Structures are given as structure tokens and as C-alpha cells.
Amino acid sequence: MEVTIERILPGGLGLAHADGQTVMVALAAPGDRLRVRVERVKGSVAFASIEEIIEASPYRVEPPCPYFGRCGGCDFQQMNYEAQLAAKKEIIKDCLHRIAKIDAPDCQIVAAPNQWHYRSRAQWQYDAEAKRLGYFEGGSRRVCDVAECAVLVPELQWVLEDLRASMAAELLAGDAHYFRAIAGDDTAVVAAGFERSHRTSSQHRHDLEDSVSSIEEEIEEEIGEVARTIAGEIYHLSAESFFQTNVELLPQLIEEAIGEQHGDTAVELYCGVGLFTVPLARRFKDVMAVEDDSDATEFAQQNLANAGLSNAEVIKSDVGEWLDLECGGIAQRRRRFGSDRQHPAKSEHQKEIQSAVTAGALQIDFLLLDPPRAGAESRVISGILKLKPKRICYVSCDPATLARDLSKIIAGGYSLDSILAFDMFPQTHHVETVVHLSS
Ligand SMILES: C[S@@+](CC[C@H](N)C(=O)[O-])C[C@H]1O[C@@H](n2cnc3c(N)ncnc32)[C@H](O)[C@@H]1O
């Protein structure tokens, strides 16, 4: 079948129409004339791959990576950087328009300082039987064996090479499924992943020490945590922690999210190791930050303490549960728990703040949420609307779930103040968006 690509859709596929069908083509560029092979059909949509480029789009470039097309990691290398940025702006506008009925004609995107070698956090899949280490192939669980990855920072490329040397010498644990690595200011750490349900992260580290014994000298002292300086603040974290992958863009992202904000009380949902919590605690008198991962919560507490900040409470809880229990009413909380025992370290002052919020007696000046790709659960949005913060900042890595959640927040009485996108993930369709709303 012959098609012409009209534009790039959320998810990164190229859109075309032919023979009365909607066709979605992987690894295409807008304007490409292509001969495509239909791989599968779902309803009225055919999913296709490129057989032949009949006429290349003016935006098409030769992908420099030898794994392009097989590796599922980068799906935008076929477009020049300007076209990648334009496609991401269109993806955001399309999601906002279709899902939330928001028109954002002026949506802008901040380009990445480095289009290559920017990833300071990675997860490599490991197939011990086939001796493959790399990323999953597109749309499959087969591991694409990758010796060199063009989007990794050099420090992580070296870690990948060390792991590959151990794999060649049959020294990696056969039951490891993946390795996670993160680069800090002057070192990198790596952790092996096994069956998640059976092992704790401390076991991961212990097992890793066995599994990488061949490269002990190089990385033994690196097992554990790294420090990363962002906009003058030092963050401690481990390979297991969530952290933004493109640290070069982080000062601008933080500035856009909270640069102008100040006041008495801020709430942060999905705080991770405290990337936004530390600067929030410098700008607000009291901060409550919620995160459900134990390691991340501990790092966030440590990062605040190291910064000399005692005005932020990091609460280890599922965000939905915290909002239900803490902001849904004291009576409900007492029924479920009988006491405050889920927050043993809370100071008297923090208890007062929490009670005032619960009773609706304290106005929250600012609420920041940075949920995972799935966005915020419905009960999280309802909880936020009950809290009635004056201003909201939504940091999102998925335009579709962002649009879904924004439509509910706007229906709850908020209006959109600004939208700015950040190209945190060059060479891929992924994009970060920062949205400000006020009541
Ligand atoms: C996109 S990350 C953002 C982290 C942090 N803001 C940052 O930029 O480094 C989302 C965080 O939410 C946490 N998380 C995911 N689901 C959660 C939930 N239901 N309740 C609490 N935290 C959750 C994850 O552990 C992760 O740290």
C-alpha cells in the first residue's frame, strides 16, 4: 500500500489515509511518501511498517544509530531536530484539543541543549540465555543487544561497556532481568533487577555485588548512591530512584514549575527524591510532599536535611490514599487508622498544619503534581479539588493523560495560565509539559 504521512500522532506514529483506511506508520516523517506493509489491523486502523521510501520527507535524515528500527528506544531519529520539536508541539496541541477541548495555539517547546548523549539514567534489559544486553525491540519483549547507545551520557556508556564485558565473561547473574544505572556528578551506580515481587532493593544491591564481580575494581565502590547537583541543590539518589533523565534541562524545568512561586503553604504530590521539594521548601513556609516509594521518601528527607531545611514534611503514602484520608475528613481517617500513627515523625507544627488543611481552615497557596505516565487517578483529582489550592502546577510526561486530568481540573473551577513543553527526551516522541492553573 502507498501512503503519504500527514503528521505525527501522540505515541509517535505517522498518520496517513489510504483505501478508506486510517494507517499508522512507525518511524515515519511528515511528508514521506512510502510503500508500507500492514502488520496488524485494529478496528478501522491499520498499523504498518515502512517497506520503501518512495519520496523522502524534507525533514527526513539518516538515523545515525546502527540499532535504529530494531531497538525500541528511539523512534524519532529519522527526523531532523526541528521536525522532532514541531512534532512534539503538535502532539501536545492535539491531545489538549481532542481530549480536553483546550486550544493552545501558542504552545512552545524548550529545546534540549544536547540532542545526543543526554540520558543520565537508563534501564538495560538482560537476556542471559541469548547473551543480550540492551533495550527491548519495538513492540516486543525481545532484547536488542546494544553495544553503544547514542543517547547515553559517556559515564553510562562506560557502565554499559563494563556490564557487557562481564556478560561476555559469563559473570553476570543468570537470573537478573535488567540493570538500572544512574550517573551522578562524578560517579555512576548500577543495580541489577530480578523478579521484583521476590526481592527488595537491598537484595538487588547485594546480588549485584555477586553478579558483577569481574568488574569489581571499577564499580564496587560505586554501588549505592550518587550525588547530583541541580540548580545549586545537591540531591542524593540511587539507581533504583526515579530521577529525570536529562539533567541539562532541569534548572529550566524547575524554574518554569516553581520559579515565581512563594507563600505560606505548598503541597507536592509524587515528589520522588525531592527534586521540586527542596526548592519549594526555600520558597514556602510549610511544604507537605507525598511519595509512596520508601527509598525515594528517605532520599527526599535526606536531601531536605542536607539542605538545612526542616519546614517540609515528606509523607510516605500513596497519593490517592493520602488525599482520601487526610483531606477527606478527620472522621474517615480515625475510622480507618484510629490515630496519627502513619506519620510518626510529624512535629507539633506539622500536625497543626495538617489539621488545619484537613479542617479546610488553611488555604494552600500552591500545589505541584508530577505523576507517572498514567497521570493522576480520578480520586487524586477529586482530592486536589477538595483541597482548593490557589494555584496548581502540573508537570507531566504524557500529553494524553495530562489532557484527561486537565479537563477535570478545569471543570472543577480552574483556568489555564500557561503551558510550556520541554524536550527532555530528544530522538524519541516523549515530551515533558509544565502547566500552570489558578482558581
Ligand atoms: C514522574 S516521577 C516524579 C518524581 C519527582 N517529581 C522528580 O521529578 O524527580 C513520579 C513519582 O511518583 C511516585 N509514585 C507513583 N505512583 C504513586 C502513587 N500512587 N502515590 C505516591 N507516589 C507515587 C513514583 O515513585 C515517582 O517517584
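Patches are made of residues with over 30% relative accessible area and no salt bridge, and nonpolar side chains are joined into one patch within 5 Å. The exercises below apply this to a predicted model.

**Exercise 1.** Determine which residues form a nonpolar patch on the surface, and state whether Val 41 is buried or exposed.

*Solution.* Begin with the members of the patch, which are Met 1, Val 38 and Val 41, together offering about 220 Å² of accessible area. Next, place Val 41 in the fold: this residue belongs to strand β5, which covers residues 33-42. Finally, compare its accessibility with the cut-off, since exposed means over 50%; Val 41 has 51% relative accessibility and therefore counts as exposed.

**Exercise 2.** Locate Leu 362 and classify its accessibility.

*Solution.* Leu 362 sits in the loop that runs between α10 (348-358) and β18 (366-369). Its relative accessibility is 24%, so Leu 362 counts as partly exposed. As a last step, consider Leu 387, which is 25 residues away from Leu 362 along the chain, while the C-alpha atoms of the two are separated by 9.2 Å.

**Exercise 3.** Describe the surroundings of the ligand, beginning with the residues and ending with the polar contacts.

*Solution.* Around the ligand there are 16 residues, of which Gln 244, Glu 291, Asp 318, Val 319 and Asp 370 come nearest. Sorted by character, the shell holds eight nonpolar, three polar and five charged residues. Turning to single contacts, a polar side-chain atom of Asp 370 lies 2.9 Å from a nitrogen atom of the ligand, whereas Asp 292 brings a backbone N or O atom to 3.2 Å from a ligand nitrogen. For Tyr 270, a polar backbone atom is 3.3 Å from a nitrogen atom of the ligand. The ligand taken alone exposes 600 Å², and the protein buries 87% of that area.

Methods: Residues are numbered from 1 along each chain as its sequence is written. This is a predicted model: local features need pLDDT of at least 70, side-chain atom pairs count only at pLDDT 80 or more; totals for chains, interfaces and linings use all residues. Side-chain values use heavy atoms; hydrogens and water are left out. A residue is near a molecule or strand if one of its heavy atoms lies within 4 Å of it. A polar contact is a pair of N or O atoms within 3.5 Å; within protein, one must be able to donate a hydrogen and the other to accept it, and residues adjacent in sequence count only if both atoms are side-chain atoms. Accessible areas come from the Shrake-Rupley method with a 1.4 Å probe; for residues, only the protein chains shown count as cover. Ala, Val, Leu, Ile, Met, Phe, Trp, Tyr, Cys and Pro count as nonpolar, Asp, Glu, Lys and Arg as charged, and the others, Gly among them, as polar. Patches are made of residues with over 30% relative accessible area and no salt bridge: like charges are joined within 9 Å, nonpolar side chains (Val, Leu, Ile, Met, Phe, Trp, Tyr) within 5 Å. A salt bridge is a side-chain nitrogen of Lys or Arg within 4 Å of a carboxyl oxygen of Asp or Glu. Helices (H or I, at least four residues) and strands (E, at least two) are DSSP runs, numbered from the N terminus. Buried means under 20% relative accessible area, exposed over 50%, partly exposed in between (1.4 Å probe, protein chains only).
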